[in-house]
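Student: I have a structure open and would like to talk it through. Can we start with how the strands go together?

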Amino acid sequence: MSNLLQFSISETLSLLEKKEFSTQELVETYINAIEKTKDLNMYLTTCFDQALEKAKISDQNYLNGNQRFLEGIPLGVKDMFCTKGIETTASSKILKKFIPTYESTVTQNLWKEGAINLGKLSCDEFAMGSSNETAAKGEVINPWNFEEKRTPGGSSGGSAAAVAAKAALAATGTDTGGSIRQPAAFCGVVGLKPTYGRCSRWGIVAFASSLDQAGPITRNVSDAALMLQVMSSYDPKDSTSSNKDVPNFYNDLGKSIKGIKIGIPEEYNSDGISSDILNAKDMTINFLKENGAEIIPVKLPLTKYSLPVYYIVAPAEASSNLARYDGVRYGARIDGNSLDEMYENTRNLGFGDEVKRRIMIGTYVLSSGYYDAYYLKAQKVRRLIKNEFTEIFKQVDYLVTPTTPTTAFKLGSTQDLLTMYLNDVFTVPASLAGIPGISLPIKLDKNKLPVGIQILGKDFDEQGLLNVAKVIESCASFKDTPNGAAS
Amino acid sequence: MTNADQNSNYISGKTSDWEIVIGLEIHAQVLSSSKLFSGASTEFGKDPNHNVSLVDAAMPGMLPVINQTCIKQAIKSGIALNAEINKYSVFDRKNYFYADLPQGYQISQYKYPIVGEGSLKITDVNGEDKIIGIERIHLEQDAGKSLHDQHPSKSFIDLNRTGVALMEIVSKPDLRSPEEAASYVKKIRTVLRYIETCDGNMEQGSLRADCNVSVRKPNGDLGTRCEIKNLNSIKFISQAIQYEAERQVEILENGGVIDQETRLFDTSTGETRSMRSKEDAHDYRYFPDPDLLPLELSDSQISKIRSEMPELPDQLVERLISEYGITKYDANVIAEEKEYVQYYENSAKNRDGKLVVNWMTSELFGLLKKNNIQFNQNPISPNYLNELVELIENKTISGKIAKDLFEIMFATSKSPKMIVKEKGLEQVTDDSAIEVFVDQVINENKEKVKEYLSGKDKLFGFFVGQVMKVSQGKANPGLVNKILKSKLK
C-alpha cells in the first residue's frame, strides 16, 4: 500500500482489520517517519523495539479476530506522562534518567486497548510555556514552513508537531491553560481538552493540579473521539477524577446541529489579532448558520481577568507541586556541603528559567501577608469566571472563539514574557472553569500557517463539542499538509 | 475552689506569685492499618523504608487518596471529646523543605479542621473535676525520620512513618500546672485508647505533645509563650513545663522579656533550650491541597458513628460508682485502662464491689508492680479473684489466710478453691473446735490470764493472736473473740 501515513485512526483500524497491511508494517513506517523528521526535534525518547514487539501481538490479535479498540495504533506520548520502564523527564534536566516503575492511568488505558507507544514527545519544561522553547532538550520546530523555524506552540508542542508531521498517528497531550489547544491550532491539527476530571491525572507529572487535564491531539475530529473514549476513565487513585459514565463518543458522532445555539463572546478579541483569524471565525459562523445553528452574540465580561488569575493560581500550585524535585530520592542531584546547599545546587541547575520564575511567583503569592491579596482573591475571581460560564450556558449550548490571537510565531521572536503569556488569553478561561474545549484547523493564513478555532461547551459535554466540531470540520475541509511532514 | 487551693499551683517568686498558663498540642497517631493518603502499612518496627508506597515517596504524578478509616477515627475522637464535628473540612498543604518530607509539604488541615471545639474533664491536684477546653482536632500526615548517626558524613532517611495519620488535638490554654497537664494527657490517652482511635503508646511515639507555656501574675494578662516541642512521656511533659515556667519567672523577675520561640527539652539535663526564634519561623504557605476535594460529611454518617460509640471513661466512672458502690477515686483508677475495667467487671460479678476493688488495686497491683509484671500478663484470672472474694464473703477463709492464699494464687495461677482444699485452709467456724484452741491458749498462758483478769485489758489482743496462731490462721476471728470473752471471765 502506497502511503500508510496518510490514514486517520479510524481508516487505519479498518484497513488493518481488512489486512490491507500489517501492524508491523504500519509501525515500521512510523519509525521511518520519525527518523525522517528528526530535525524537527520532536521525540525525546523512542521505544521502537518495544513498539515492534507490540505490533507482533497486534497482528496476532487481528489474525485471531481478537483486536481491541485501538489495536495497533502507533502513538506518541507527551513526556509529562509517566511510562513504565521508559525515561520520563517532563522535558526537565531535574528528571534526567528518571525511569518510572509505573504507568500513568491514561496511557495504561491506551495500551490496554492495543495502542502502541512509539516514544516520548518533547514539551515545555514541566508543561510551563506556550512555545516549546523551555524544553531542556531544545525547542521543537513546527512542521509548517519548517525552514522558517516557527514554534509548534506549547506546552504540548512535540505532540502537536508529531501528529502534523505524521511522526505519530495521534498523541497524548496535557492542557493546563491551553497546552493542548494552542499547539494544535499552531500545527493545524485537532486538540481536545476534556472537562476537568474526565481523564485521570494519576501518573501525570503535576504542573497545576486544579487545572491539569490530559487529552488527545489528532488529525481529525473522529480520531479525537476515538482517543478520548479510551483515555477517559474514573480512577479511584485520583480523588478529582469523575465517575460520570464515559459515552461512546465515536459512535454518537454526526448528529445534526440544527437549532442549537452558538454563542460568540465579544471579549475573545484582542488588539494584535490578525485579520486571518477573524476571517476564520466568520467562516466558522457561516458554516454553523448553514447547518441550522442559531448564532447569538454574548458577553463574558470577566474574560479579561482570566490571565492574571491563571498566572497566580497555576504558579502557586506549581511551586508546591515541584517541591518534591529535591535531589533526595530520584532524578538529578548536585551535591553540596549541607542539605540546603544540595537543594540549592540541584534545583538551580535542574530547573530552567521559566520554571524557576513560576516557582518564585507561586511562592510569593502564597506567602504570609500576600496570600489574601493574591491567591485567595484569584480563587474568588476564578469562581466568578466559572459562574459566568455556567450562566452563559443557560443561554447558549456552545461558544465559538479563536483558539489563539496569532498563528505560529518564529522561535526566539518573543522576548517579552507578557506577550508570550498573552498567547493563552483565549484558552485559559476554559481551563479555569474546568469546561471542555476543542481546537480544530479552519484554513491557512497569508503565511500558509494554520488557523485554529476553539469550541467550548458545558461540563462533560465533550460529545456535543465533538459533534459541532465535526460539522465545522466537514465544511472547512482543511486538507493541507505541512511541508515538514514525512511522506 | 478556694484561693488557698489555687495558690498551691503558683510559683512563688522573689517579687510575687506567678501563675503558669499551659496549652497542649497532642499528636496522636491514628489507629489504622494503612496511612492517611496511601495504602502502605503502618506497622511499627519494620525495616527502614519497608512501609513505603509510591505516594509516600512522592514519586512524580502520584496522588493522595483519603483513607476513610482515618476520617472515622477522627470523628470518633471528636465525639469522645464532646466536640463539634465539622461537616465541611479541608486538607491544606503546609510547605517546607526537609529531607524526610518527600512531597516538600505536609498535608494537614489549617482553616477548616474536621473537629471543632470540645472539652475534657480532668481531675486537678485537689481531686476536683476541672473542665479543659479543646480548641480543635485536625488530621495531618506524619513526617519520615532522618538518621544522622549511621554514617560519618551522610544522613539516612526512613520513610516508614511518612504519611501515617496523626490527629493533632489542640487544647485551650486552660491548664495551670505541670500536674494538670499530666492529668490532661493521661485522660486524653485513656479516652483514645478506650475508643480505639490511638494506641497511646508513648514509647513508640504514638502519642507526643508540644507544650505552650507562659507565666503571668495571677489572673493578669497572658504572658509571651514558648513552645516546647515533641515530648513523648508524661514525666517529661511535667518536667519540661516546670523547668520552662521557672526559667520564664527568673527572666521576668530580673527585668527581662520572654522571646516567643520554639524550644527543645533535653531529657538528660531536664532543661529546655532554644531551637528557633519567632523571626526564624517558617512561612508554611498553607493553601488547600488541589489534589483533594474538601471533605464533606453527612449527618447520617456522623450519627451512625455516634450511635456506635463505646462507653466513655466518664460515663463508665458514673456507672461503676452506682453499680458497684465503689468510691470515685477507685472508679477512676479502674477506668484508667479498658483492660482494668474488663477485669474488674468480670471479677466483681455477684460479689461485693468494694472488696473486689480493694483486692485489685492494692493487692493485685502491688504484686504486679513488685514483680514487674504487665497487667496483661497478670497470673490471676478474674474468675479466681471472684472465687477468692466469694471464699472471704462466705467466711470459708479468714482475711489473714486470704492474703497468703492470694500470694499462692499469684505464684501458681491456680484456683483458690482448689488451693484451700489442698492445703486445708478453710476457716474453722465450729464452736467446739475453737474452744479447743482457746483452752489450749489459756492453759499455756496462765500468768497472762491472771494479769488480764486483774485489769490488763490490753492483753485481749494477745490471746486472739495466740488462738489464731494455734489454729494456723483458720479460726474465725469473730468466734474466737466471742469464745475468748466468755472463757476469760
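Tutor: First a definition: two strands count as paired if DSSP finds at least two bridges between them. Keep in mind that this is a predicted model.

Student: Fine. How many bridges join β2 to β4 in chain A?

Tutor: Strand β2 (residues 74-78) of chain A and β4(A) are joined by 3 bridges, and they run parallel. Within that pair, A:Leu75 stands opposite A:Ala170 of β4(A).

Student: And which way does β4(A) pair with β6, parallel or antiparallel?

Tutor: Antiparallel, over 5 bridges, with strand β6 (residues 213-218) of chain A. The bridge partner of A:Ala171 there is A:Ile217 in β6(A).

Student: Is β4(A) buried or exposed?

Tutor: Buried. Strand β4 of chain A covers residues 170-175, and 6 of the 6 are buried, so the strand is largely enclosed by the rest of the structure. Both faces are covered: A:Ala170, A:Thr172 and A:Thr174 lie on one side, and A:Ala171, A:Gly173 and A:Asp175 on the other.

Student: Back to A:Leu75. What does it touch?

Tutor: Leaving out residues up to four places away in sequence, A:Leu75 touches A:Leu110, A:Ala115, A:Ile116, A:Asn117, A:Leu118, A:Ala168, A:Leu169, A:Ala170, A:Ala171 and A:Thr172. A:Leu75 is also one of the residues that touch the most other members of the largest nonpolar core, along with A:Ala168 and B:Cys211. That core has 218 residues.

Student: Which element gives the largest share of this core?

Tutor: Helix α9 (residues 303-321) of chain A, with 9 residues. There is also a second, separate core of 33 residues, which includes B:Val317, B:Ala335, B:Leu391 and B:Ile419.

Student: What about helices? Why is α7 of chain A described as largely enclosed?

Tutor: Because 11 of the 11 residues of helix α7 (residues 221-231) of chain A are buried. The buried residues of α7(A) include A:Ser222, A:Asp223 and A:Gln229 as well as A:Leu226, A:Met227 and A:Leu228.

Student: Now chain A as a whole. What are the basic numbers?

Tutor: The secondary structure of chain A comes to 15 helices and 11 strands. Its C-alpha trace spans about 65 × 55 × 45 Å along the principal axes. Of the 487 residues, 60% count as buried.

Student: What radius of gyration would a compact globule of that length have?

Tutor: With 487 residues it would be near 23 Å, and chain A has 21 Å, which agrees. Among contacts in chain A with a separation of 6 or more, 76% are between residues 24 or more positions apart.

Student: Switching to chain B. Where are its domains?

Tutor: The domain assignment gives domain 1 (10-305), domain 2 (311-423) and domain 3 (431-487). The C-alpha centres of domain 1 and domain 3 of chain B lie 66 Å apart.

Student: How many residues of chain B are in contact with chain A?

Tutor: 24 residues of chain B are in contact with 32 residues of chain A. The chain B side of that contact divides into 16 nonpolar, 4 polar and 4 charged residues.

Student: Last one. What is the order of the open sheet in chain B?

Tutor: The order is β5-β4-β15, an open sheet of 3 strands with antiparallel pairing. β5 (105-108) and β15 (287-288) stand at the edges with a single partner strand each, so one side of each has no neighbour in the sheet. Strand β4 (residues 92-95) of chain B pairs with β15(B) over 2 bridges, and B:Asp92 stands opposite B:Pro288.

Note on methods: Residues are numbered from 1 along each chain as its sequence is written. Chains are lettered from A and ligands numbered from 1 in the order in which they are written. This is a predicted model: local features need pLDDT of at least 70, side-chain atom pairs count only at pLDDT 80 or more; totals for chains, interfaces and linings use all residues. A nonpolar core is a set of buried Ala, Val, Leu, Ile, Met, Phe, Trp, Tyr and Cys residues joined through C-beta atoms within 7 Å. A residue is buried if 20 or more other C-beta atoms lie within 10 Å of its own, exposed if 12 or fewer, and partly exposed in between; C-beta atoms are placed from the backbone. Helices (H or I, at least four residues) and strands (E, at least two) are DSSP runs, numbered from the N terminus. Two residues are in contact if their C-beta atoms, placed from the backbone, lie within 7 Å. The radius of gyration is taken over C-alpha atoms; the globule rule is 2.2 Å times the number of residues to the power 0.38. Ala, Val, Leu, Ile, Met, Phe, Trp, Tyr, Cys and Pro count as nonpolar, Asp, Glu, Lys and Arg as charged, and the others, Gly among them, as polar. Domain bounds come from an automatic or database domain assignment.
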